[in-house]
Amino acid sequence: MNNKFAEQLLDWYFSRERDMPWRGETDVYKIWLSEVMLQQTQVATAKPYYHRWLSRFPNTKTVAEASEDEVLKLWEGLGYYARARNFKSACEWIQNENDGQIPTNSDQFRQLKGVGDYIHAAVRSIAFNEVIPVIDGNVKRVVSRMLELDSPPSKALNIIKKFLINEISHTTPGDFNQAIMDLGSTICKPKNP
């Protein structure tokens with residue numbers, strides 16, 4: 001373990017890990033899908049969509065071969081439809097340009113449509129054990145409070161990122177990222193933490 005913070009965070013996480021259908025998953029496609037669905041969406045809302053999606057689209061090939069209308073219909077109610085369109089576009093590229101394989105190369109994965117900093121860090125750390133910290137609203141809030149920052153998190157991204165790079169577990173970076181996001185969403189909430 002890198003440090004006391006990572007050790008304590010992971011001890012807390014493993015002692016009360018939330019039940020999510022994608023937790024413990026090793027299939028990159030399923031990890032990626034879950035992270036796309038969880039952007040701007042609460043866990044409770046995403047769960048049934050995740051199950052329905054995988055029943056109809058178990059892999060990138062089935063997404064690529066489906067019509068956009070079918071993809072959007074299954075996404076209906078999750079909102080932010082660009083996520084579904086981008087995911088379909090990325091799956092089409094994977095099928096047509098990458099022999100049906102999700103890129104294992106970090107830079108190539110980052111170039112997929114809809115894969116920004118958050119998705120890249122989450123998927124790479126969880127699926128490939130890459131030491132890349134995730135930075136979302138929950139993480140910014142947790143770190144800002146821990147460091148007692150005077151400026152808003154959006155103005156202190158460099159400080160937050162430096163802290164995370166120094167503190168992230170090098171043995172289980174995916175668990176570290178999920179743990180700090182869970183801490184922000186369940187305990188270190190925006191109001192009444």
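Reader: Which residues of α6 are called buried, and what makes a residue buried?
Author: Buried stands for a relative accessible area under 20%, exposed for over 50%, and partly exposed for what lies in between, with a 1.4 Å probe and protein chains only. In α6 the buried residues are R83, A84, F87, K88, A90, C91 and I94. This is a predicted model, in which local features need pLDDT of at least 70 and side-chain atom pairs count only at pLDDT 80 or more, while totals for chains, interfaces and linings use all residues. Residues are numbered from 1 along each chain as its sequence is written, and side-chain values use heavy atoms, with hydrogens and water left out.

Reader: How do you know that the buried residues of α6 line one face?
Author: Seen down the axis of α6, they fall within an arc of 165 degrees, so they line one face of the helix; the arc is taken from the directions from the helix axis to the C-beta atoms. An α-helix has 3.6 residues a turn, so residues three or four places apart point the same way. On the other side of α6, N96 and E97 are exposed.

Reader: What do the buried residues of α6 pack against?
Author: They pack against α2 (28–38), α3 (43–56), α4 (60–65) and α5 (68–75). Contact here means heavy atoms within 4.5 Å.

Reader: What makes the span of α6 close to the expected one?
Author: The expected span is 1.5 Å times one less than the number of residues. α6 has 16 residues, for which 22 Å is expected, and reaches 21 Å from its first C-alpha to its last. Helices are DSSP runs (H or I, at least four residues), as strands are (E, at least two), numbered from the N terminus.

Reader: Why is N98 called buried or exposed, and where is it?
Author: N98 has 18% relative accessibility and therefore counts as buried. Its place is in the loop between α6 (82–97) and α7 (106–110). Leaving aside residues up to four places away in sequence, N98 touches W93, P103 and Q108. In the same loop, just after α6, D99 takes a positive phi of about 55 degrees.

Reader: What makes the pair D182 and R23 a salt bridge?
Author: A salt bridge needs a side-chain nitrogen of Lys or Arg within 4 Å of a carboxyl oxygen of Asp or Glu. The side chains of D182 and R23 meet at 3.1 Å, N to O, and the pair qualifies. D182 is in helix α11 (residues 173–186) and R23 in the loop between α1 (4–16) and α2, 159 residues apart. Both residues are buried. R16, R18, R23 and D182 are linked in a network of salt bridges.

Reader: What do R56 and E70 tie together?
Author: Their closest N and O atoms are 2.5 Å apart, in a salt bridge. R56 lies in helix α3 and E70 in helix α5, so the pair ties together parts that are 14 residues apart in sequence. R56, at 33% relative accessibility, counts as partly exposed, and E70, at 31%, counts as partly exposed.

Reader: Why is D117 called buried or exposed?
Author: D117 has 60% relative accessibility and therefore counts as exposed. D117 forms a salt bridge with R110 at 2.9 Å, N to O. R110, at 28%, is partly exposed.

Reader: How many disulfides are there?
Author: A disulfide is a pair of cysteine sulfur atoms within 2.5 Å, and the count comes to zero. C91 is buried at 0% relative accessible area, and C188 counts as buried at 13%.
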